[in-house]
Amino acid sequence: MAETIMGPVAGGVKLSAQHITMVFQRDGKSTPVLDGVDLEVGQGEFLCIVGPSGCGKSTLLSTMAGFLSPTSGEVRIDDETVRGPDRRRIFVFQERGVFPWLTVDGNIEFGLFPLARPERRRRVAHYIKMIGLEGFEKAYPAELSGGMKQRVEVARALAVNPDMLFLDEPFGALDSITRLVMRGELLRIWEAERNTIVFVTHDIDEAVQLGDRVAVMSDRPAKIQQIVKIDIPHPRDLSSPRYLELRNGILKQLGLAHKV
Amino acid sequence: MYRSPQILRGQLRPVILIAVLLVIWQIAVTRQTIHLLPSPVEVVGGIADLVRHGLLLKYAVASLFRVTWGFLLAAGLAIPLGLSIGWYRRAEMAFNPLIQILRPISPLAWIPIAILWFGVGDLAAVFLIFLGCFFPLILTAINAVQRVPAVYVNAGRNFGLSRADLVYRVLFPAVIPQLITGLRITLGIAWLVVVAAEMIAVNSGLGFLIVDARNAGNRYDLVVAGMVVIGVIGLLLDMGMRSLERVKSFRWSYSED
């Protein structure tokens, strides 16, 4: 069985969400979305959050990134309360966040305005190469495939050298082959840069393939139901008994085991 | 550049259609005994007459001058105002009813007031064109801001853009495609309004030409000549604005999302 480990992996706590509740008010009706979420993310950890669709995963992620303020509770990063978005922590919105009026070059350079021009050019060239889009520097997003746009958005985020990345179902809109390739690339980048990553997905396989730990959320109003440590080193063998055991454990936790 | 025969044929088709209609028009007019319309040949003669007297250029320039000023003033005022109103939800709630009441009033209904305020002359005509452009443009600008996807603004905030930079680097580029379409449609409106305004409020321009040609001796060849010139200039203005829509960094739209 999957064991539950509450504490983060190693290197100290990077982010700590402390008893986050979120209640949305609309047309005089209040909808509780998050019901006391407690979560810690370790320095340099890759944490995945899974849960039933509409359970508030994205709301939790937006709150951690500072785009939403919780109704009660607080998010602390590096021991400071989060009061808004910050360029040290970049949120990746599927590929929809790529600016369509800028070229690939222009998008990656977007956040680099505080830097001198030679350094900007150096970083843009570096990340274009990293995401394998050499030759597409002057292309506009409309000329790119979904997977290419997604890589541009990830490169734009990495270029400002953030210490955290928040990814909201970043590969959800991609076809299954591109998605597999992108997972591999994200892991490669993470192993090279060791940013702290919080990755929201509804795909349990994806979570178990990528994460150091997987946080399982309950239905709305959501809590963290369980945190599963994925103790398989990368590259992970997706047919190993341990992988299947962990994955089935999470499916069971969500009440989905052997039901298809 | 090499052009395939298909493209050439595609461009020829409208020309052929117009030529056929002109021939039918000419035949129809020569077979009629009562004079309902000047023939194409007479209209060409009328245009030649206008060119000879230097009136064609003079009147076209006079009309374009009024359109330019009315249109630019409206754009300069309506776009910043509309963008601000769209950005602040409360402002939109306050302004919207007023705009919706003023908008359906035809600019031509303002003619008496325009003459009262500015007298018979360029200013009155410019004012009417301004009114005709202002309301469509302000609505376009409000709409454009409200349709900017939140992800773009959030991404801009995430990278730590200042408020001014957020407007300059995210909001402006995001609304430009819609604004250009709005400007194109509005320039068409301005060109419609100037002709009507010139029939009443001034003593020059293509609209004045049409009224004057009728009043001063039923010169219907000049009336239709004026109409043809108005149509051709309108087409050229629209083609000019369309070429803006083809600029690469403007050509995207977020309709696909």
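## Sheets of chain A and helices of chain B

Helix α7 (residues 241-253) of chain A lies across β3 (46-50), β9 (213-217) and β10 of chain A, and its direction makes about 175 degrees with that of β10(A). The model is predicted. The mean pLDDT of chain A is 88, and 94% of its residues score at least 70. Over residues 1-6 of chain A, however, pLDDT stays under 50, and for this stretch the model has eleven contacts beyond four places in sequence.

The strands β3(A), β9(A) and β10(A) belong to an open sheet of six strands, ordered β6-β7-β8-β3-β9-β10 in chain A, with mixed pairing. Its edges are β6 (89-93) and β10 (224-229) of chain A, each of which pairs on one side only. On average, neighbouring strands of this sheet are turned by 15 degrees against each other, direction ignored. Within the sheet, strand β7 (residues 164-168) of chain A runs parallel to strand β8 (residues 196-200) of chain A, and five bridges join the two. One residue pair in this ladder is Leu167(A) with Phe199(A), the latter being the bridge partner in β8(A).

Chain A also has an open sheet of four strands, in the order β2-β1-β4-β5, with antiparallel pairing. Here the edge strands are β2 (29-42) and β5 of chain A, each pairing on one side only. Helix α1 (residues 57-65) of chain A packs on this sheet, where it touches β1, β2 and β4 of chain A; the direction of α1(A) makes about 120 degrees with that of β1(A).

The pairs of strands in the four-stranded sheet are listed below, each with one bridged or opposite residue pair.

| Strand pair (chain A) | Sense | Bridges | Residue pair |
|---|---|---|---|
| β1 and β2 | antiparallel | eleven | Thr21(A) opposite Asp35(A) |
| β1 (residues 13-26) and β4 (residues 72-77) | antiparallel | five | Thr21(A) and Ser72(A) |
| β4 and β5 (residues 80-81) | antiparallel | two | Arg76(A) and Thr81(A) |

Thr21(A) thus appears in two rows: it stands opposite Asp35(A) in β2(A), and its bridge partner in β4(A) is Ser72(A). At the β5(A) end of the sheet, β4(A) and β5(A) form a hairpin with two residues between them. Asp78(A), in the turn of that hairpin, has a positive phi of about 50 degrees.

In chain B, two helices are considered. The 14 residues of helix α4 (residues 89-102) of chain B should span 20 Å at 1.5 Å a residue, and the end C-alpha atoms are 20 Å apart, which agrees. The helix nevertheless bends by about 40 degrees at Phe95(B), and a proline, Pro97(B), follows within four residues. The number of buried residues among the 14 of α4(B) is zero, so this helix lies largely in the open.

Ser63(B), by contrast in burial, sits in helix α3 (residues 55-87) of chain B. Ser63(B) counts as buried because it has 27 C-beta neighbours inside 10 Å, the cut-off for burial being 20 or more. Beyond its neighbours within four places in sequence, Ser63(B) is in contact with Val194(B), Glu198(B), Gly205(B) and Leu206(B). For one of these, Gly205(B), the C-alpha atom is separated from that of Ser63(B) by 4.9 Å, although the two residues are 142 residues apart along the chain.

Terms used: Residues numbered from 1 in each chain as written. Chains lettered and ligands numbered in written order. Predicted model: local features only at pLDDT ≥ 70, side-chain atom pairs only at ≥ 80, totals over all residues. Expected span 1.5 Å × (residues − 1). Bend = angle between axes of the 7 residues up to and from the residue. Buried ≥ 20, exposed ≤ 12 C-beta atoms within 10 Å, placed from the backbone. Pairing = 2+ DSSP bridges. Axes fitted to C-alpha atoms, helices over the stretch in contact; angles between N-to-C directions. Contact = placed C-beta atoms within 7 Å. pLDDT = per-residue confidence, 0-100.
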